[in-house]
Amino acid sequence: MADGMVVPPMATRSGAGKGLLFPVTPQPDETLLGYIVRCLEENHLGKPSAFLSQIDVNMGIKGDYLSRLSENLDKVASLFGVEMEVLARLWGSEPLTESGKRRLGGVHLRPYLVYQARRRFPPSLPLDRSDRSTWMVRHLNFCPDSWELLVDRCPLKECSRPLTWPGAKSLHHCAYCGWPLSGWRTRKVARSDRPSLTWVLQLFSEDEKVRERALSEIPTFFEINSATDAYEMALVFGHACQLERSGGNFNPDWQASDLAAGVRMLLEYPRSIWDLYRGMERRVQPALLGDLMRIGRDHGEPIVNVNIRRLITHHRTTAQLGRGSFVCKADQMNAAGVGRVTGLSLERVRKLAEAGLLQPVQPTTCQTKEMYHRDRVGALRASLRASMPWEQFVAATRLPAIAIEQLLALGWLSHDSDPVVRLAYGSRSLRRDEAEAFVKALETLPVNELAGYAPLSAIFRGVGGRDKPWAPVLTLGLKGSLPGGLRWIDAGNRSQLAMDERVARALIMGGPESRSPYRFERRQYGDQGRDWFEPHEVETYLNCTAQDVSWLRQRDYLKPEPRTERTRYLRDAVEALGRRFMSSREAAARLGALPKDLWLLLEAYGDVPSIGQGFHDRASLERLLRLEALNPTWWS
């Protein structure tokens, strides 16, 4: 079962402020993430997600790792015992600009263009070399020194695991199998593409004269005022070439040759466009030009929209080529464009249109597909961004449905009532501001290993015959009112929310008659309540296993709800069963023993009726537990 977790970093021993035993000197053009990994490798301090948890930098959730580090740069400097000026020279230490972009040389990169999900490297990376900043630029998937193509997986065929920053113990070895990452067969950028890619790299130079020289090569037809504009335009042309190469597949693997082809289309204009028409009949539009129009039309950067519209208009009207006077309508997009902008599938887009929530424009005589106003699509996107799909919140917190329903009932979260959102994401979608605030609150909880703390999933095994009190424990824990507090501990291969087991045994655990103040009654669900349980929820409620549920079902103690597509059990029946019987798991959790050891206790008393499979008469077993309870509790 889920344990109410945000997958934060694992606990580790404290070393904050002591510095490193073996200091590491930053290398030119090194990234902040790469430097941290080299420091930890040299000093045998484990992986970043664990070590950085000492200063509450959460590397457990995928996202913008660099921003989390730059926001806590003073803490990072103190933890590693280096001067702030040293870290400030590493790429990634600068905060984002006001527009939310990250600067590298003359280019201000949108968040999507910075590749942080995995770390990349050239297979011939020397052991004494650090990473380079351009390796983190999504579309620069090659090394500017060796021209090798970068890889982001372990090259050992038997492993092939992705390489990530939070789990990296070394820049030069796989964190999973420990195999060296260098010395493997390499693939290089074609020599014919290198001049074009060299021009792109000049845009990322810190030397303003180098950037100006590169910008001077761009034809005056395009309205380009900065290296950022030039790079965005090169990417748009490159994506069009990518689609042409892949036969229209919008998500093929990006290749360095695509970017090189895009650069040539930009720098060799107008010849590059005229060459597309060679061998084609008059008034027939090349497929690449159509792809270019759609990509530019749906692009988020205004400078791209302006330049692509001018180009398309020029070649359809002034040049009188392609489909006559049909001009580029930058204020419209088709269903596929709507999907790319909003992140919805084509099926969802069509359902919105069928429901009248996304109105198409009035079709023209030459229009073959339904088109939608860009402004309306923008409003749709804004509505969707203000909401968080249920699945996304579950993935971020790892909370079970019951816990989220309790939080909804107490007002910590709210469903999004926008009909557009409900049709696109489902009726359970949440208001993003509240959902993100709750996730951030969980991230602020301390991360360390303390004796006597146990995951909430284990704690709640001692709660039987009533709902697990997820909301009371979580809310009081976040408010700082829970005795012993909530914290993250390393349990197995992941970190989980935990609390003091002794506190839980005294205040939280117990059966339906327990007077514990940490209770959540069924009537409190209100509109969030439901009258059925999924099979895994039955296991949690009864503190048993899937095999136990099957055993109960075979003996007619439990019957699934009839006439339902998915197996469900009536909540009333499950609750009645929980009030009648107690599982060995629940009893063992309340005593702090193993389930197998409980049998010795049952044999000693011998007057606890059982139906088998570890289910015992609750009233009889409650009397036994009260006698055996070591410390005062709400149930003894």
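A: A cavity is a set of points where a 1.4 Å probe fits but cannot get out. With that term in place, the structure may be examined; the model is a predicted one.

Q: How does one look for empty space inside a protein, and how many cavities of 30 Å³ or more are found here?
A: Rolling a probe the size of a water molecule over the atoms shows where empty space is left. In this model, a search of the whole structure gives four cavities of 30 Å³ or more. The largest cavity has a volume of about 130 Å³. Twelve residues line the largest cavity, and those closest to its centre are Ile402, Lys468, Glu537, Thr540 and Tyr541.

Q: Which helices supply at least two residues each to the lining of the largest cavity?
A: They are α17, residues 401–409, and α23, residues 535–542. The greatest contribution comes from α23, with four residues. Sorted by class, the lining holds seven nonpolar, two polar and three charged residues.

Q: What is the volume of the second largest cavity, and which residues lie nearest its centre?
A: The second largest cavity has a volume of about 70 Å³. Its lining consists of 14 residues, and Leu542, Leu577, Gly578, Phe581 and Phe615 lie nearest the centre. Three elements, α23, α25 (571–580) and β12 (581–583), each supply at least two lining residues. Here β12 gives the most, with three residues. By class, the lining of the second largest cavity has seven nonpolar, five polar and two charged residues.

Q: Is α17, which helps to line the largest cavity, enclosed or open, and why?
A: The cut-off needed is that a residue is buried when its relative accessible area is under 20%. Seven of the nine residues of α17 are buried, so this helix is largely enclosed by the rest of the structure. The buried residues of α17 are Ile402, Ala403, Ile404, Glu405, Gln406, Leu407 and Leu408. Just after α17, Gly411 takes a positive phi of about 90°.

Q: What can be said of the protein chain as a whole?
A: The secondary structure comes to 28 helices and 14 strands. The chain has 636 residues, of which 51% count as buried. Among contacts in the chain with a separation of 6 or more, residues 24 or more positions apart account for 68%.

Q: How is a pair of aromatic rings to be read, and why is the pair of Phe204 and Tyr231 edge-to-face?
A: A pair of aromatic rings is described by the distance of the centres and the angle of the planes. In this structure the count comes to 14 aromatic pairs. For Phe204 and Tyr231, the ring centres are 5.1 Å apart and the planes stand at 80°, so the pair is edge-to-face. Phe204 lies in the loop between α6 (194–203) and α7 (208–215), whereas Tyr231 lies in helix α8 (residues 227–246), so the pair ties together parts that are 27 residues apart in sequence. Both Phe204 and Tyr231 are buried.

Q: Which residues form an aromatic cluster, and which arginines lie over the face of a ring?
A: One aromatic cluster is formed by Phe221, Phe222, Phe237 and Tyr269. As for the charged side chains, Arg487 lies over the face of Tyr453, at 5.0 Å from the ring centre. Arg568 lies over the face of Trp532, at 3.7 Å from the ring centre.

Q: Tyr269 also precedes a proline; is the peptide bond from Tyr269 to Pro270 cis or trans?
A: The bond from Tyr269 to Pro270 is cis, with omega near 10°. Pro270 is placed in the loop between α9 (256–267) and α10 (271–274).

Q: What is notable about the backbone of Ser160, and is this residue buried or partly exposed?
A: Ser160 has a positive phi of about 55° although it is not a glycine. Its place is the loop between β2 (107–109) and α6. With 31% relative accessibility, Ser160 counts as partly exposed.

Q: Where is Asn543 found, and is Asn543 buried or exposed?
A: Asn543 is found in the loop between α23 and α24 (546–554). Its phi is near 55°, a positive value in a residue other than glycine. Asn543 is buried, with a relative accessible area of 4%.

Technical notes:
Residues are numbered from 1 along each chain as its sequence is written. Side-chain values use heavy atoms; hydrogens and water are left out. On a 1 Å grid over the protein atoms alone, a cavity is a set of points where a 1.4 Å probe fits but cannot get out, and a pocket is an open set with protein on both sides within 12 Å along at least five of seven lines; lining residues have an atom within 4 Å of a point. Grid points are joined across faces, edges and corners, and a volume is the space filled by probe spheres set on the points. Ala, Val, Leu, Ile, Met, Phe, Trp, Tyr, Cys and Pro count as nonpolar, Asp, Glu, Lys and Arg as charged, and the others, Gly among them, as polar. Rings of Phe, Tyr and Trp (its six-membered ring) pair if their centres lie within 6.5 Å; planes under 30 degrees apart count as stacked, over 60 as edge-to-face and the rest as tilted. Buried means under 20% relative accessible area, exposed over 50%, partly exposed in between (1.4 Å probe, protein chains only). A charge sits over a ring if NZ of Lys or CZ of Arg is within 6 Å of the ring centre and within 35 degrees of the ring normal. Contact means heavy atoms within 4.5 Å.
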